[in-house]
Amino acid sequence: MKVLITGAGGFIGKNLCVTLDRDERYKLLKADLETTEAELAKYLEECDFIFHLAGVNRPKDEKEFFEGNADFTAQITQSLQKVNRRNGKKVPIVFTSSIQAEQDNPYGLSKKQGEGALVEYGKTTGAPVYIYRFTNIYGKWSQPNYNTVVATFCHNIARGLPIQVNNPEAELVLCYIDDVLAEFLKVLEGSPTLENGHCIVPVTHTIKLGALADTFRSFKDSRGNLTVANMSNQLEKNLYSTYLSFLKEDDFSYPLKMNVDDRGSFTEIIRTPDRGQVSVNISKPGITKGNHWHHSKNEKFLVVSGTGVIRFRKIGDNQVVEYHVSGDKLEVVDIPTGYTHNIENLGETDMVTFMWVNECFNPEKPDTFYEEV
């Protein structure tokens, strides 16, 4: 199937192109600002399906709304009608409109007129027409100060630039680009999601503007406090992925605080309020660390480099249990409560151990008691 994508270089278009390019069933005809009228006419003659994503959002002159949204759409439908009259071809078309089409403003009116041209095309030819009225689509490759406030917040906060929040209580309905793409794949198969006769993306999320700003600030702060986003919350998960895509290319990495002594080092990597913390421990050859036990705190040890032994002794007993560990055979060792334990580097090189503990360290309630194994 030959699929024409107008606005192929834009936010939605780029995401759609890289998705469909992986599928051998589709040959893409990509149209953007560099496409000539002759090339576009050829594409319209050849195509079997159209995603009409091209449009104007923020022009210098209001008349550009109508030229880029209404007139261009009318031009496409007129060409398709000629194709239909010549060979009876009924080319389905998806149109990315906006909820602004319900408003009396230049942008909304231009989108409404574009919708009207497509509805007429569908009536005249019998071709399927799918009109989506989108609101606040966000995700990777969106443009700040153009596509959505999400892009602007991500760009500015990632760079330490100010943002403007006029009304923190204002509610936004957000639609994630991956959910848009999932819906578009359904449309290609002829099964759009409909609600009251209108095409919709079934997954959206609502958030207040102030909460949105605070969420992105928390992502920036997470490099210092080592927290991570709540991945069980789908909106927060999507927003975090979007935020990371806006990092400057020389700002992908960030330093950690290493606690270093003559035995080696201990460095926290991640802290979470409900899933504990992850750290990396480096032990010098011959060094033993630990010799303590916990009432409720529990841990997992994973040696990824070097060789060593983890020893356990149940409090009140004399028997010592040993687990030999090595980076040559990755094996997680659980550290049960009520057992004093230590870990010794038996090799001639540094031993590297990843450690997970079920709760973040609280100096007021450390639940850690010294006792030799």
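## Two buried side chains in helices

A polar contact is a pair of N or O atoms within 3.5 Å, where, within protein, one atom must be able to donate a hydrogen and the other to accept it. In this predicted model, the side chain of Thr215 offers an example, since one of its polar atoms lies 2.8 Å from the backbone oxygen of Ala211. Thr215 belongs to helix α7, which covers residues 209-225, and it counts as buried because its relative accessible area is 15%, which is under the 20% limit. When neighbours within four places in sequence are set aside, Thr215 is in contact with Ile207, Glu236 and Leu239.

Ser110, which is found in helix α4, can be read in the same manner. The side chain of Ser110 reaches the backbone oxygen of Tyr107 at 2.7 Å, and Ser110 counts as buried because its relative accessibility is 0%. Once its neighbours within four places in sequence are left aside, Ser110 is in contact with Phe65, Phe66, Asn69 and Ala70.

## Strand β3 and its partners

Strand β3 runs over residues 49-52, with Phe49 and Phe51 pointing one way while Ile50 and His52 point the other way, and all of them are buried. Strand β3 pairs with β1 (residues 2-6) in the parallel sense, over four bridges, and within this pairing Ile5 stands opposite Phe51. Strand β3 also runs parallel to β4, to which three bridges join it, and here His52 stands opposite Phe95.

## An open antiparallel sheet

Elsewhere in the sequence, five strands form an open sheet whose order is β17-β16-β19-β14-β21, with antiparallel pairing. The edges of this sheet are β17 (321-326) and β21 (369-370), each of which pairs on one side only.

The pairing of β21 with β14, a strand of residues 288-293, is antiparallel and extends over two bridges. In this pairing, His292 has Tyr370 of β21 as its bridge partner.

## The largest pocket

The largest pocket has a volume of about 1400 Å³, and its lining is made up of 42 residues, of which Leu53, Gly55, Val56, Asn57 and Tyr146 lie nearest its centre. The elements that each give two or more residues to this lining are α1 (11-20), α2 (37-46), α3 (63-87), β4 (93-98) and α4 (106-125). Helix α3 provides the largest share, which is five residues.

By residue type, the lining of the largest pocket divides into 16 nonpolar, 20 polar and six charged residues.

## The second largest pocket

The second largest pocket holds about 830 Å³ of space and is lined by 34 residues, with Phe266, Gln277, Ser279, Glu299 and Met355 lying nearest its centre. At least two lining residues come from each of α7, β11 (258-261), β12 (264-272), β13 (276-283), β14, β15 (299-305), β19 (339-345) and β20 (351-357). Strand β12 gives the most to this lining, namely five residues.

The lining of the second largest pocket divides into eleven nonpolar, 13 polar and ten charged residues. Two of the strands that supply residues here, β14 and β19, also belong to the open sheet described above, and helix α7, another contributor to the lining, is the helix in which Thr215 is found.

Definitions and conventions
Residues are numbered from 1 along each chain as its sequence is written. This is a predicted model: local features need pLDDT of at least 70, side-chain atom pairs count only at pLDDT 80 or more; totals for chains, interfaces and linings use all residues. Side-chain values use heavy atoms; hydrogens and water are left out. Two strands pair if DSSP finds at least two bridges between them. Buried means under 20% relative accessible area, exposed over 50%, partly exposed in between (1.4 Å probe, protein chains only). Contact means heavy atoms within 4.5 Å. On a 1 Å grid over the protein atoms alone, a cavity is a set of points where a 1.4 Å probe fits but cannot get out, and a pocket is an open set with protein on both sides within 12 Å along at least five of seven lines; lining residues have an atom within 4 Å of a point. Grid points are joined across faces, edges and corners, and a volume is the space filled by probe spheres set on the points. Ala, Val, Leu, Ile, Met, Phe, Trp, Tyr, Cys and Pro count as nonpolar, Asp, Glu, Lys and Arg as charged, and the others, Gly among them, as polar.
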